[in-house]
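This report looks at a small sheet with its packing helix and then at charged side-chain pairs. Please read it alongside the sequence and the coordinates.

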Amino acid sequence: MLAFLLRALRPAAKPVFALSAVTALSCAAAPAYAMRVSPMVAEMTTSGTNAVARIQVQNLNQGLLSFETRITRIEFQEDGSIKEFPADEDFLVFPPQGQLAPSARQVIRLQWVGPADMPASRGYYLSVNQLPIQMGAGDGSSAGANVQVVYHMKALITVAPPKAEPKVEQVSIKPIMVEVKAPPPVDGQPAPAAAEKPASVPGLEVVLRNSGNRYAMMAGVRWILEGKDKAGKPLKLTVMPDEINREIGVGYLPPLGGTRSFKLPTSAQFGPAPIKISFVN
């Protein structure tokens, strides 16, 4: 089993791990409001200057934007699914709610107030939830004929004790066929119609475990894959951080034995021979 240390791994420039959701509420007609939350990943420590983080919310459209915040602690399952637990008590959040005029911005300040001596890092979501606006009698042409779109966006917040370190090891790697992901929609254009059956390309299923006491961001490094192709010839591939980020997001790997399975398409097809992986900053 290959074991190694990953120190201070940072997410790629455009993390896609942080989630956003849109909820449609039946009500009188109203324009669709939109907001931007940045950064989508914030790394904190349990003490010192980095025990504070700042997240900015911006109102992108015409009309007022009312919002509130919630914090949940997250636990990742091996298949990548997430369980969330209420955890507002671990942070002081100011302001916890607000209202923004068109194009206005608001900085939300997070202060860690959880245990300073916790044994390992933790992951959280800061949810910024747009609140539906009470519509007046003249705001809709006919009751119930339209919807008001409400946005809910989540930023990943990580908190680690001082001197905590990740320790990542390869559990298994095997060749598989990976479904091609649809390209992200372009702003202002409708999403392309999904194919009846997504195309598949050669790839790998990579299972990693982090036995350290700090999380690891696996999209912050280059992945070096070494093995043999289907004809038995040596095959070595380097996958860059932007490619990793596009396929798996920031690749958050929890501490204390956290294990995750990642499916990664590759530019060449590996054979069944043992495949090794290493990481380079």
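A residue is called buried when its relative accessible area is under 20%, exposed when that area is over 50%, and partly exposed in between. The model discussed here is predicted. By this cut-off Glu247 counts as buried, because its relative accessibility is 18%. The side chain of Glu247 meets that of Arg246 in a salt bridge, with an N to O distance of 4.0 Å.

Both residues bring the sheet into view, since helix α1, which spans residues 241-248, packs on it and touches β16 and β17, its direction making about 80 degrees with that of β17. The sheet is open and consists of 3 strands in the order β17-β16-β20, with antiparallel pairing. Its edge strands, each pairing on one side only, are β17 (234-239) and β20 (276-280), and the twist from one strand to the next averages 20 degrees. Between β16 (residues 222-228) and β17 the antiparallel pairing runs over 6 bridges, and Lys228 has Pro234 in β17 as its bridge partner.

The structure holds 6 salt bridges, among them the following.

| Salt bridge | N to O distance |
|---|---|
| Glu68 with Arg70 | 3.7 Å |
| Glu84 with Lys154 | 2.7 Å |
| Glu247 with Arg246 | 4.0 Å |

The pair of Glu84 and Lys154 links distant parts of the chain, 70 residues apart, with Glu84 in strand β7 (residues 82-86) and Lys154 in strand β12 (residues 146-160). Glu84 counts as partly exposed at 34% relative accessibility, and Lys154 likewise counts as partly exposed, at 22%. Arg70, the partner of Glu68, is partly exposed at 41% relative accessibility.

Definitions and conventions. Residues numbered from 1 in each chain as written. Heavy atoms only, no water. Pairing = 2+ DSSP bridges. Helix = DSSP H or I, 4+ residues; strand = E, 2+ residues; numbered from the N terminus. Axes fitted to C-alpha atoms, helices over the stretch in contact; angles between N-to-C directions. Contact = heavy atoms within 4.5 Å. Buried < 20%, exposed > 50% of the residue type's maximum accessible area, 1.4 Å probe, protein only.
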